[in-house]
Amino acid sequence: MTPRARFHVGEILAAHGLRGELKVRGLSSDRQRLKSLRDCYLTQPDEKSSQPVRITAAREVKGFWLISLLGVDDREQAEKMRGCLLSVDRDQAIKPKEDEWFVADLLGCEVYDSQYGHLGHLADILHHPAQDIYIVAMAGCKDILFPARKTIIIEVDLAGRRIDVDLPTGLYEVYRETEKL
């Protein structure tokens with residue numbers, strides 16, 4: 001699997017006002033990322049096409065961002081962008097810290113437990129205030145959910161598309177052994 005070339009840092013929710021401003025939900029782990037961003041890409045929701053854009057102004061209001069793009073001067077133009085994403089090239093993304101990874105790189109990795117072997121693939125990651133929750137899916141089986149803790153995740157091998165874990169006692173049985181009943 002080829003690593004994702006671009007990462008989404010914002011999702012355009014709606015037009016704001018009459019002068020082409022956009023209401024944007026930030027998607028970066030850095031809450032202030034959109035404030036300093038100037039050049040990025042406007043990516044279609046299906047991710048099949050994108051075009052370079054320049055952010056000329058950005059301000060945070062009630063947990064969202066109001067952003068102006070060069071050349072977008074009225075509400076009609078802004079409305080056409082609803083659902084689009086603001087993206088940056090991988091080399092412009094904020095580098096993850098040690099023992100952190102880009103979600104896009106983790107999704108799809110095969111997950112193996114030290115006792116039970118292959119559990120499935122990492123299908124999704126839920127972001128909660130205390131910690132992320134990994135969701136592992138396997139066809140015909142219940143999904144397994146576990147917290148993304150250093151005590152559980154033994155190793156992440158992105159090149160090999162593999163995550164090794166040591167599930168807490170009883171967790172596997174909660175999701176998979178009950179299927180046999």
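Here are four short exercises on the structure above, each with a worked solution.

A word on the ground rules: this is a predicted model, where local features need pLDDT of at least 70, side-chain atom pairs count only at pLDDT 80 or more, and totals for chains, interfaces and linings use all residues. Residues are numbered from 1 along each chain as its sequence is written, and side-chain values use heavy atoms, with hydrogens and water left out.

**Exercise 1. Work out how β1 pairs with β2 and with β6.**

Step 1. Place the strands: β1 covers 6–16 and β2 covers 21–26, while β6 covers 85–89. Strands here are DSSP E runs of at least two residues, helices are H or I runs of at least four, and both are numbered from the N terminus.

Step 2. Take β2. It runs antiparallel to β1, and 6 bridges join them; two strands pair if DSSP finds at least two bridges between them. Ile12 stands opposite Val24 in β2.

Step 3. Look at the turn. β1 and β2 make a hairpin with 4 residues between them, and Gly17 in that turn has a positive phi of about 75°.

Step 4. Now β6: it pairs with β1 in the antiparallel sense over 5 bridges. His8 has Ser87 as its bridge partner in β6.

**Exercise 2. Find the largest nonpolar core and see which strands feed it.**

Step 1. Fix the term: a nonpolar core is a set of buried Ala, Val, Leu, Ile, Met, Phe, Trp, Tyr and Cys residues joined through side-chain atoms within 4.5 Å. Buried means under 20% relative accessible area, exposed over 50%, and partly exposed in between (1.4 Å probe, protein chains only).

Step 2. Count: the largest core has 23 residues, and those with the most contacts inside it are Ile12, Val24, Leu34, Ile67, Leu69 and Leu86. At least two residues each come from β1, β2, β3, β4, β5 and β6, with β1 giving the most, 4 residues.

Step 3. Zoom in on Leu69. Skipping neighbours within four places in sequence, Leu69 is in contact (heavy atoms within 4.5 Å) with Leu22, Val53, Arg54, Ile55, Thr56 and Met81.

Step 4. Check for another core. There is a second, separate one of 18 residues, and Leu122, Tyr134, Ile153 and Ile163 are among them.

**Exercise 3. Sort Lys62, Asp99 and Leu107 by how exposed they are.**

Step 1. Lys62 sits in the loop between β4 and β5. Lys62 counts as exposed because its relative accessibility is 81%.

Step 2. Asp99 lies in the loop between β6 and α3. With a relative accessible area of 46%, Asp99 is partly exposed.

Step 3. Leu107 is in the loop between α3 and β7. Its relative accessible area is 27%, so Leu107 is partly exposed.

Step 4. Add the backbone. Lys62 has a positive phi, near 50°, without being a glycine, and Asp99, also not a glycine, has a positive phi of about 65°.

Step 5. Get the spacing: Leu107 and Lys62 are 45 residues apart in sequence and 31 Å apart in space, C-alpha to C-alpha.

**Exercise 4. Break down the lining of the largest pocket by residue class.**

Step 1. Split the lining into 21 nonpolar, 7 polar and 13 charged residues. Ala, Val, Leu, Ile, Met, Phe, Trp, Tyr, Cys and Pro count as nonpolar, Asp, Glu, Lys and Arg as charged, and the others, Gly among them, as polar.

Step 2. Ask who gives the most: β11, with 4 residues.
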